[in-house]
Amino acid sequence: MAYPKIKMERPSVYNGLDWLVALEEGLFAQEGLEVELIAHGGERDTNVNVTDWNKVLSNAGHADALESGCANIFNACEWGNYRRAQDSAAGCRQLGRRASIVAGAVAVPPDSDIYTPQQLANRTIAVPFHAGTHYLTLQLLEGFVPRDMIKLVSSGRPAERYRAMMNGTVAACSVREPWITVAEKNGCRLIVQGFYNGTDTATAEIDAEAYAAINRALAEAVRRINADKRGYLHYFIDREKGAEVQALRLDDFNLNRIIFVEPGKPIPEEQLMRTYRWMVSWNLIEGGHEVHDLVNIGVMARA
C-alpha cells in the first residue's frame with residue numbers, strides 16, 4: 001500500500017524517543033513508510049511580565065511546522081493539543097495517544113526557602129505556555145494553592161527555564177527529562193511531580209491506514225526501549241542542548257520516570273470531556289466545542 005510521506009515535527013527525546021528509535025533502526029521502512037523529521041520553532045526567553053497564556057500563540061512551538069505547511073503530524077501534550085485543534089488553520093485534529101508518558105515537576109533551587117507546594121503561593125514559576133508542564137503545573141498546584149495565587153510566567157525551552165530559576169529571575173520552574181535529572185543532580189528540590197499523556201495530532205493527509213502503520217513501527221520501538229531502557233538513555237544526553245545535560249551520566253537517571261506504552265490508543269471520551277471542561281474553567285480553551293472539533297474520531301477509531 002502506498003502511504004503519504006510522513007513529515008513529523010522533530011520530537012524531543014522525552015516525547016519522541018520511540019520515533020527516533022523507529023527511524024534509526026529501520027522500523028518505519030519495514031512498514032513501507034517514508035518518514036522525515038521537520039524542524040519547528042519554540043525558542044522564547046523568560047518574561048516575567050507575560051502572565052496571560054492567551055497572549056502566547058499555542059503553535060509557537062509544537063504545530064509551528066504543521067501550520068506553515070511543512071509537516072503533517074506532530075505530538076505534544078494532550079491538553080495543548082485540544083487548544084491547538086481549536087486554533088488550527090490547517091485543520092489539525094488529534095488521532096490517538098502517543099507512547100510517551102511524560103514525567104514533569106516543579107523545581108526550586110538549592111538555596112530556596114520553598115519546601116512545600118503551599119509555599120509556592122504568589123511565587124513566580126516559569127513554564128512554557130501551551131506545553132505539557134504548563135498545564136501540569138496548574139493541575140499539581142491547584143490542590144494546594146488558591147487559583148488566583150498560582151503565578152505562572154512565560155518561558156521557553158527547559159534550559160532557559162532552568163537557568164532563570166537558578167539565577168533568581170523566577171522562584172521556581174517546570175522541568176521534564178532530562179532536566180528533572182539535571183535539577184536533582186545540582187541539588188534542586190522537586191516540590192511536586194506528576195505524569196501526563198500526550199497525543200498525535202495531524203492534518204487530514206494522515207489517514208487511518210497510515211496512522212496504523214506508524215503505530216506498528218512505534219510499538220516495536222517501544223518494545224525495544226522497554227527491554228533496555230538504560231541502553232537508550234544516551235539519546236537524552238546526545239539530543240538535548242545545554243552544558244548541564246552534557247554533564248549527566250547514564251546512572252544519574254531514574255528509570256521510573258522513563259515510561260513508554262503502546263502507541264495510538266484512543267482517548268477515552270469521559271477523560272477527554274473531563275479534561276476539556278477543566279481547560280474551559282481556566283480559560284485555556286473556549287467553551288462550546290464538540291468532540292469532533294478536537295479529535296479526528298474516524299481516524300482514531302479505525303486506526
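This passage describes a strand-helix-strand region and the cysteines of a predicted model.

Strand β6 spans residues 124–127 and strand β7 spans residues 151–154. The two strands run parallel and are joined by four bridges. Within this pairing, Ile 125 of β6 has Leu 152 of β7 as its bridge partner. Helix α5 completes the arrangement: β6, α5 and β7 form a β-α-β unit of right-handed sense. Strand β6 also pairs with strand β8, residues 172–176. This pairing is parallel too, and it comprises two bridges. Here Ala 126 is matched with Cys 173 of β8.

Helix α5 covers residues 132–141 and includes Thr 133. The relative accessibility of Thr 133 is 4%, so this residue counts as buried. Leaving aside residues up to four places away in sequence, Thr 133 touches Gly 104, Val 127, Pro 128, Arg 161, Ser 174, Val 175, Arg 176 and Tyr 196.

The structure contains zero disulfides. Cys 70 is in no disulfide, and its nearest cysteine sulfur belongs to Cys 92, 15 Å away. A disulfide would require the sulfur atoms to lie within 2.5 Å. Cys 92 is likewise in no disulfide. For Cys 92, the nearest cysteine sulfur is that of Cys 77, at 13 Å. The accessibility of each residue was also computed. Cys 70 has a relative accessible area of 40% and is therefore partly exposed. Cys 92 has 0% relative accessibility, so it counts as buried.

Definitions and conventions:
Residues numbered from 1 in each chain as written. Predicted model: local features only at pLDDT ≥ 70, side-chain atom pairs only at ≥ 80, totals over all residues. Heavy atoms only, no water. Buried < 20%, exposed > 50% of the residue type's maximum accessible area, 1.4 Å probe, protein only. Contact = heavy atoms within 4.5 Å. Pairing = 2+ DSSP bridges. Right-handed = clockwise from strand over helix to strand, strands pointing away.
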